[in-house]
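Subject: Structure handover and notes

Dear colleague,

Here is the structure I promised to pass on to you, with the sequence alongside. Please open it before you read the notes below.

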Amino acid sequence: MKVIVCENYEEESKKAFEVMKDVIQKNPHAILGLATGSSPEGLYKEMVKDYEENGTSYADITSYNLDEYVGIDRNHPESYYSFMHKHLFDHVNIKPENTHLPEGSTQADADAYEAELKKVTIDLQLLGIGRNGHIGFNEPGTSFDAPTHIVDLTQSTLEANSRFFDNDVNKVPHQAMSMGLGSIMRSKKILLVANGANKADAVKAMVEGPVTEKVPASILQKHPDVVVVLDKAAASKLS
Ligand code: F6R
């Protein structure tokens with residue numbers, strides 16, 4: 001696991017962008033695994049800026065998103081479908097038919113997404129990390145081998161995400177469909193971004209703690225090519 005500590009969020013986003021751009025430049029047909037949430041917003045801004053200023057093409061890029069809420073309309077402003085359009089897809093020349101997000105509410109829908117994922121190899125999987133160590137929506141206790149599955153969100157995640165739903169935990173969808181840890185670990189390369197002091201404990205457990213299903217992100221210690229890009233606050237508990 002390569003850990004890069006940056007002065008602040010802006011520098012962190014630029015560093016993460018360098019990793020992303022390297023993959024896209026080396027392979028214009030790259031398959032990207034994408035994440036939502038506030039952590040990658042700065043990276044997406046850098047990608048859009050680079051597209052506008054330098055014309056880096058996404059015409060042959062394919063994407064698969066990590067997760068999506070269950071029971072939320074795709075056009076709801078807080079769906080991950082809307083998030084991806086708002087922050088990236090609407091601003092670069094990626095073809096809509098090449099973008100994929102989990103959709104549906106049943107395990108059969110999740111199995112269909114996993115079957116699609118099994119046909120490809122993700123070149124770069126982007127991740128954030130939850131305060132409880134989740135990646136995707138793989139909450140503590142999820143099996144390391146899990147494929148794409150339907151998840152009941154934990155209270156900690158519902159509370160963390162209520163900021164997007166009028167600070168009302170009852171408005172947050174209680175379930176999501178998420179790539180599993182097994183799906184994530186098949187990616188060739190993983191880029192995890194985290195910022196802020198409220199991620200410091202999870203980051204320490206991921207990087208320095210034991211590999212345990214209690215901390216889903218700790219499985220990344222077993223992946224051969226992981227780059228973790230942090231701001232100082234998120235790195236503050238690392239020894
Ligand atoms: C989002 C995702 C989640 C987030 C995590 C951190 O697609 O899979 O694991 O990365 O909850 O969220 P933020 O970045 O909002 O702190």
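What follows is a summary of what I found, arranged by region.

Please keep in mind throughout that this is a predicted model. The UniProt record, an unreviewed entry, lists residues 15-224 as "domain: Glucosamine/galactosamine-6-phosphate isomerase". Over residues 15-224 the chain is 32% helix and 15% strand, and the C-alpha atoms at the two ends of that stretch are 20 Å apart.

The ligand is surrounded by 14 residues, of which the closest are Thr36, Gly37, Ser38, Ser39 and Gly128. Sorted by class, this shell contains five nonpolar residues, eight polar residues and one charged residue.

The same kind of record also supplies an annotation, again from an unreviewed entry: UniProt's "active site" covers Asp67, Asn132, His134 and Glu139. I looked at two of these positions, Asp67 and Glu139. Asp67 is placed in strand β4, and it counts as buried because it has 22 C-beta neighbours inside 10 Å, where 20 or more are needed. Leaving out residues up to four places away in sequence, Asp67 touches Tyr80, Pro102, Gly136, Phe137, Ala176, Met177, Ser178 and Met179. Glu139, by contrast in its setting, is placed in the loop between β6 and β7, and with 20 C-beta neighbours inside 10 Å it also counts as buried. With residues up to four places away again left out, the contacts of Glu139 are Asn132, His134, Val151, Thr154 and Thr157, and of these Asn132 and His134 are themselves covered by the "active site" annotation.

The loop between β6 (124-127) and β7 (149-152) also holds Ala146, which counts as buried because 20 C-beta neighbours lie inside 10 Å of it. Apart from neighbours within four places in sequence, Ala146 is in contact with Asn138, Gly180, Leu181 and Gly182. The C-alpha atoms of Ala146 and Ser183 are 7.4 Å from each other, although the two residues are 37 residues apart along the chain.

Tyr80, one of the contacts of Asp67, belongs to helix α3 (residues 80-87), where the buried residues are Tyr80, Tyr81, Phe83 and Met84. Seen down the axis of α3, these buried residues fall within an arc of 160 degrees, so they line one face of the helix. The elements that cover them include β2 (31-34), β3 (62-65) and β4 (67-69).

In soluble globular proteins, nonpolar side chains tend to be buried together. Here the largest nonpolar core has 66 residues, and those with the most contacts inside it are Ile129, Leu191, Leu192, Val203 and Met206. Met206 touches Ile129, Gly133, Val215, Ala217, Ser218 and Leu220, when residues up to four places away in sequence are not counted.

Finally, there is a point of backbone geometry. Most residues other than glycine have a negative phi. Asp166, however, has a positive phi near 55 degrees, and Asn167 has a positive phi of about 55 degrees although it is not a glycine. Asp166 lies in the loop between α5 (155-161) and β8 (175-178), and Asn167 is found in the loop between α5 and β8 as well. Asp166 counts as exposed because it has 11 C-beta neighbours inside 10 Å, and Asn167 counts as exposed because it has 10.

With best wishes

How values were computed:
Residues numbered from 1 in each chain as written. Predicted model: local features only at pLDDT ≥ 70, side-chain atom pairs only at ≥ 80, totals over all residues. Buried ≥ 20, exposed ≤ 12 C-beta atoms within 10 Å, placed from the backbone. Helix = DSSP H or I, 4+ residues; strand = E, 2+ residues; numbered from the N terminus. Arc of directions from axis to C-beta. Contact = placed C-beta atoms within 7 Å. Near = placed C-beta within 6 Å. Nonpolar A, V, L, I, M, F, W, Y, C, P; charged D, E, K, R; others polar. Core = buried A, V, L, I, M, F, W, Y, C linked by C-beta atoms within 7 Å. UniProt positions renumbered as here; feature names shortened; annotations may be inferred.
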